There are 2 protein chains.
Amino acid sequence: MEEYEIAIVGGGGAGLTAALYAGRAGRKTVVFEHMVTGGQIATTALVENFPGFPDGVDGFELAQNMLKQAEKFGAEIRYEGVTSLTRREDGRFELNTDSGELAAKTVIVTAGAGYNHLGVPGEERLTGHGVSYCATCDGAFFKDQDVVVIGGGDAALDEGLFLARLVRSITLVHRRDTLRASKVLQDRARAEPKLAFAWDTVVEEILGQDSVSAVRVRNIKTGETRDLATAAVFVFIGQTPNNALLKGLVDLDEGGHAEVDLRMRTSVPGLFVAGDLRTQAARQLVAACGDGATAAIAAEQYLAERT
Amino acid sequence: MEEYEIAIVGGGGAGLTAALYAGRAGRKTVVFEHMVTGGQIATTALVENFPGFPDGVDGFELAQNMLKQAEKFGAEIRYEGVTSLTRREDGRFELNTDSGELAAKTVIVTAGAGYNHLGVPGEERLTGHGVSYCATCDGAFFKDQDVVVIGGGDAALDEGLFLARLVRSITLVHRRDTLRASKVLQDRARAEPKLAFAWDTVVEEILGQDSVSAVRVRNIKTGETRDLATAAVFVFIGQTPNNALLKGLVDLDEGGHAEVDLRMRTSVPGLFVAGDLRTQAARQLVAACGDGATAAIAAEQYLAERT
């Protein structure tokens with residue numbers, strides 16, 4: 001069975017930075033990514049808050065550069081999923097992937113978090129046909145049309161403001177009468193003429209035959225229900241940790257994120273978790289990257305003590 | 001007394017990233033830096049391990065870009081030192097600076113760590129006259145000359161390899177017979193023809209009238225003492241946390257670094273520490289930047305809960 005010194009699950013900012021450090025340390029390193037390297041940034045049009053880029057940077061380009069950098073220092077990237085992770089009695093790990101088995105002396109899991117769904121009728125059926133969780137990916141399909149955005153946090157406003165550059169109008173549907181988003185984003189959103197707010201409002205159903213035609217919403221204060229005609233529904237109501245590999249293996253917090261210490265060590269020696277999947281994550285790209293570097297250094301120390 | 005919402009002490013990677021996030025959150029933010037913004041990176045010729053730059057990036061340029069980005073989002077940068085930090089009974093903080101007093105609702109200390117000295121005769125007297133702690137700053141003064149580097153970790157080899165591009169020869173003096181540095185750096189150093197190693201060797205004295213002329217070294221195995229003629233001595237033997245503001249205020253670990261949780265919160269509410277000054281730091285730029293973002297978000301949450 002092929003054995004790596006450091007196996008990294010997930011090729012987002014945390015995983016690619018871990019790979020860069022693991023590679024520089026001269027360790028035999030592999031990164032598994034079953035979607036697109038770069039993680040969430042790969043689908044972010046303009047990253048304004050990654051330090052070092054005062055004019056912002058295209059998310060896809062930044063992700064590609066992180067990938068290039070990790071490969072430059074010797075990390076191998078495999079585009080496949082990891083389906084199970086177990087710890088052997090000798091302390092090594094076994095990973096099952098889409099194409100077979102392999103062993104690893106240490107594992108860094110950076111599988112991130114997935115988008116939460118509304119869980120209303122029509123949502124699943126119309127995903128990819130007007131229901132979207134990524135404005136950057138899908139916004140261009142709705143140029144000069146009317147769209148609806150669901151949510152009241154940073155992501156909702158961030159993506160809403162991005163959409164404003166493309167679409168004709170946006171109705172932001174939020175279940176409360178105040179926003180959770182940062183003040184900068186709130187100020188910007190309120191100043192955006194294309195953006196209207198539907199406060200105290202929840203989604204009951206997404207309507208449409210082959211594609212979205214309207215959203216049925218209800219005002220939770222008045223009880224009134226109405227249909228908002230729209231070509232698209234962009235849903236930004238949080239994320240859920242991708243912790244399937246960790247369940248039963250490491251300690252998780254109540255939200256399902258891995259418990260780690262300041263060096264990204266989990267309750268299992270040799271197993272590290274970095275980025276949005278770890279407890280108390282700041283959920284920012286630069287913090288995920290910092291975690292990745294920290295985890296790789298901790299893995300390197302773990303290996304140095306044992307080999 | 002002027003009051004800020006977020007006062008940041010230190011303008012390195014951690015401080016500037018904290019400022020970027022604090023500014024984006026719309027908080028009245030100030031950064032105090034008594035030396036050069038960018039911290040240690042500002043004097044690093046080529047930063048190869050900051051993700052997003054596959055060909056590396058000039059440290060000074062990267063620092064300037066981080067500074068520009070922090071200012072773009074509204075942070076004020078003040079080039080002065082903070083001489084004391086106290087917590088008032090109402091939970092606010094008072095800072096004494098070189099130019100006066102100010103108040104802050106939250107404080108993020110990112111004062112980093114300073115270079116350790118050898119503590120041998122001649123070192124202090126000849127600092128700036130051949131004794132240096134920064135190859136990037138001072139290497140060019142010794143073009144085509146013979147120099148000595150002290151240390152066996154990443155910094156010593158990193159800086160030694162940088163010097164190899166400028167000087168005629170380097171003798172690397174290390175008190176052990178193995179290096180602590182990463183394998184990549186070790187391989188590179190051993191392949192560098194300009195670099196010779198003096199193993200099991202310690203420095204007893206630095207010699208010279210107006211500038212360094214030689215280093216007196218002793219082999220700890222044979223006891224033999226000899227003078228190495230050299231134009232410069234570059235010392236890379238670790239760092240000590242700049243914790244003067246924190247002593248008696250927050251819990252410190254045995255090495256003098258601030259105890260923090262995963263959100264960079266110290267034992268004092270409203271006071272955060274990020275970067276190399278916090279306990280268990282990875283001591284890498286991207287990790288310091290991640291810490292800065294995390295601390296600013298925690299400070300923002302602290303403020304949001306109270307204002």
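Which residues are linked with A:Glu2 in a network of salt bridges? I looked, and A:Glu2 shares the network with A:Lys28, A:Arg78 and A:Glu80. My cut-off: a salt bridge is a side-chain nitrogen of Lys or Arg within 4 Å of a carboxyl oxygen of Asp or Glu.

Notes to self on the set-up. This is a predicted model, where local features need pLDDT of at least 70 and side-chain atom pairs count only at pLDDT 80 or more, while totals for chains, interfaces and linings use all residues. Residues are numbered from 1 along each chain as its sequence is written, chains are lettered from A in the order in which they are written, and side-chain values use heavy atoms, leaving out hydrogens and water.

Over all chains I get 36 salt bridges. I then picked some pairs in chain B.

First pick: B:Asp146 and B:Arg168 meet at 2.8 Å, N to O. B:Asp146 sits in strand β11 and B:Arg168 in the loop between α4 and β12, so this pair ties together parts 22 residues apart in sequence. (Helices, H or I of at least four residues, and strands, E of at least two, are DSSP runs numbered from the N terminus.)

Next pick: B:Arg278 bridges to B:Asp291, with the closest N and O atoms 2.7 Å apart. B:Arg278 is in the loop between β19 and α6, and B:Asp291 is in helix α6.

Are these two buried or exposed? B:Arg278 is buried at 3% relative accessibility, and B:Asp291 is buried at 7%. Buried means under 20% relative accessible area, exposed over 50%, partly exposed in between (1.4 Å probe, protein chains only). Back at the earlier pair, B:Arg168 is exposed at 54%, whereas B:Asp146 is partly exposed at 25%.
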